Amino acid sequence: MHVDTDDLATLLKMQHLDLEAMRDKKKLEELPQRAVILEARSKKKAIEQKRAQLDALHAKADAQLSRIDDEDRSLSEKQRQVQSEIDAVRGDYRGVEARTKELNGFAKRRNTLEADLTAVGDELAKIEGVQAQVASALESLERQEAEATAAFVKEGGALKDALARIEAERAMLASSLPADLLDAYKKTAARTGGVAVGRLQGSNCGVCRMAIEGGRLIDMKGQGNVAPCPQCGRLIILE
Ligand SMILES: [Zn+2]
């Protein structure tokens with residue numbers, strides 16, 4: 001194939017842009033923040049479950065406290081009533097004795113309730129301690145996620161801008177190339193997945209380095225200034 005010198009320069013420039021675009025796309029896909037964000041989210045999910053469990057435990061302890069409180073208040077009311085009955089029946093020994101027993105029962109139960117109250121209070125303090133740890137862990141994960149997201153948006157945005165510029169410039173170069181040359185380049189690039197055009201170096205392919213036998217090379221040169229490498233199939237500029 002014979003290619004005009006200006007077109008060869010354009011082709012090489014276009015290939016340079018294509019390789020740059022490939023590198024930028026790879027960088028975009030492999031931005032480290034992606035993994036950081038995903039990890040922070042999955043950790044947050046686990047901690048949020050833990051937080052829900054703690055909230056449930058806290059609510060249960062609150063309900064226990066309120067039950068203890070209610071019972072204690074009702075006992076205190078009963079104590080007051082029985083005490084006033086004792087005051088009323090003063091002198092009635094049996095009456096006083098029976099009610100005193102009752103009062104002792106109330107007092108005993110209230111002591112038990114007080115111990116229960118302390119136990120539930122201790123439990124609540126423990127739960128709240130863990131809740132504080134969980135809240136601070138969540139806060140730190142949220143900070144990590146926000147920082148990674150901001151960096152991702154910034155770096156990703158810069159790469160996307162660069163890719164858009166490359167794309168525009170490439171389209172301009174491509175539109176100036178002869179259709180058959182562009183087609184040959186596209187097909188070769190699709191097959192090689194990277195560098196599609198190389199130069200002859202001495203009598204070797206500049207990309208795969210294979211030495212091209214003298215007679216073969218003379219044939220290739222006889223057909224033009226660009227020919228596919230017999231080994232790797234890339235387009236070699238022979239001049
Ligand atoms: Zn080659």
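This report walks through a predicted model of a protein that carries a zinc ion.

## The overall build

Let us start with the whole chain. The protein has five helices and four strands, and along the sequence these follow the pattern α-α-α-α-β-β-α-β-β. How far does the protein spread? Its radius of gyration is 42 Å, well over the 18 Å that the globule rule gives for 239 residues, so the protein is more spread out than a compact globule. Along its principal axes, the C-alpha trace spans about 140 × 35 × 20 Å.

Of the 239 residues, 32% count as buried. Contacts across the sequence are worth a look too: among those between residues at least 6 apart, 70% join residues at least 24 apart.

## Along helix α3

Helix α3 covers residues 93-175, and two of its residues make good stops on our tour. One is Leu141, which is found in α3. Leu141 has a relative accessible area of 5%, so it counts as buried. Leaving aside its neighbours within four places in sequence, Leu141 is in contact with Ala40, Lys43, Lys44 and Ile47. Leu141 and Ala40 are 101 residues apart in sequence, yet their C-alpha atoms are 5.7 Å apart in space.

The other stop is Arg170, also found in helix α3. Is Arg170 buried or exposed? With a relative accessible area of 17%, Arg170 is buried, because the cut-off for buried is under 20%. The side chain of Arg170 makes a polar contact with the side chain of Asp18, at 2.5 Å. Not counting residues up to four places away in sequence, Arg170 touches Met14, Leu17, Asp18 and Tyr185.

## The zinc site

Which residues hold the protein donors of the zinc ion? They are Cys205, Cys208, Cys229 and Cys232, each through its SG atom, and they lie 2.2 to 2.3 Å from the ion. The angles among the four donor atoms run from 104 to 115°, and the site is tetrahedral. For comparison, the ideal angle for four tetrahedral donors is 109.5 degrees.

In sequence, the donor residues are spaced C-x2-C-x20-C-x2-C. Cys205 lies in strand β2 (residues 204-205), while Cys229 sits in the loop between β3 (226-228) and β4 (235-237), so this pair ties together parts that are 24 residues apart in sequence. Cys205 and Cys229 are both buried; for Cys229 the relative accessible area is 3%. Cys208, at 27% relative accessibility, counts as partly exposed. As for disulfides, the structure holds zero.

## Around the zinc site

Now for the strands and loops in this part of the sequence. Gly198 is found in strand β1 (residues 197-201) and is buried, at 7% relative accessibility. The C-alpha atoms of Gly198 and the zinc donor Cys229 are separated by 9.1 Å, although the two residues are 31 apart along the chain. Gly198 touches Val207, Leu235, Ile236 and Ile237, not counting residues up to four places away in sequence.

Leu235 has its place in strand β4 and counts as buried, at 5% relative accessibility. Outside the residues up to four places away in sequence, Leu235 touches nine listed partners, among them Ala184, Tyr185, Thr188, Gly198 and Val226. By contrast, the C-alpha atoms of Leu235 and Ser136 are separated by 60 Å, with their positions 99 residues apart along the chain.

The three C-alpha pairs met so far can be set side by side.

| Residue pair | Separation in sequence | C-alpha separation |
|---|---|---|
| Leu141 and Ala40 | 101 residues | 5.7 Å |
| Gly198 and Cys229 | 31 residues | 9.1 Å |
| Leu235 and Ser136 | 99 residues | 60 Å |

## Loop and helix details

Arg209 is placed in the loop between β2 and α5. What is its phi? It is near 75°, a positive value in a residue other than glycine. Most residues other than glycine have a negative phi. Arg209 counts as exposed, at 52% relative accessibility.

Helix α5 (residues 214-222) is capped at its N-terminal end by Glu213. A side-chain oxygen of Glu213 lies 3.1 Å from the backbone nitrogen of Gly215. After α5 comes Gly224, whose phi is positive, near 150°.

How values were computed:
Residues numbered from 1 in each chain as written. Predicted model: local features only at pLDDT ≥ 70, side-chain atom pairs only at ≥ 80, totals over all residues. Heavy atoms only, no water. Donors = N, O, S within 2.8 Å, 3.2 Å for Na, K, Ca; no water. Tetrahedral: all angles 85-135°; square planar, octahedral: opposite > 155°, others 65-115°. Buried < 20%, exposed > 50% of the residue type's maximum accessible area, 1.4 Å probe, protein only. Polar contact = N/O pair within 3.5 Å; in protein donor to acceptor, adjacent residues only side chain to side chain. Disulfide = S-S within 2.5 Å. Contact = heavy atoms within 4.5 Å. Rg over C-alpha atoms; globule rule 2.2 N^0.38 Å.
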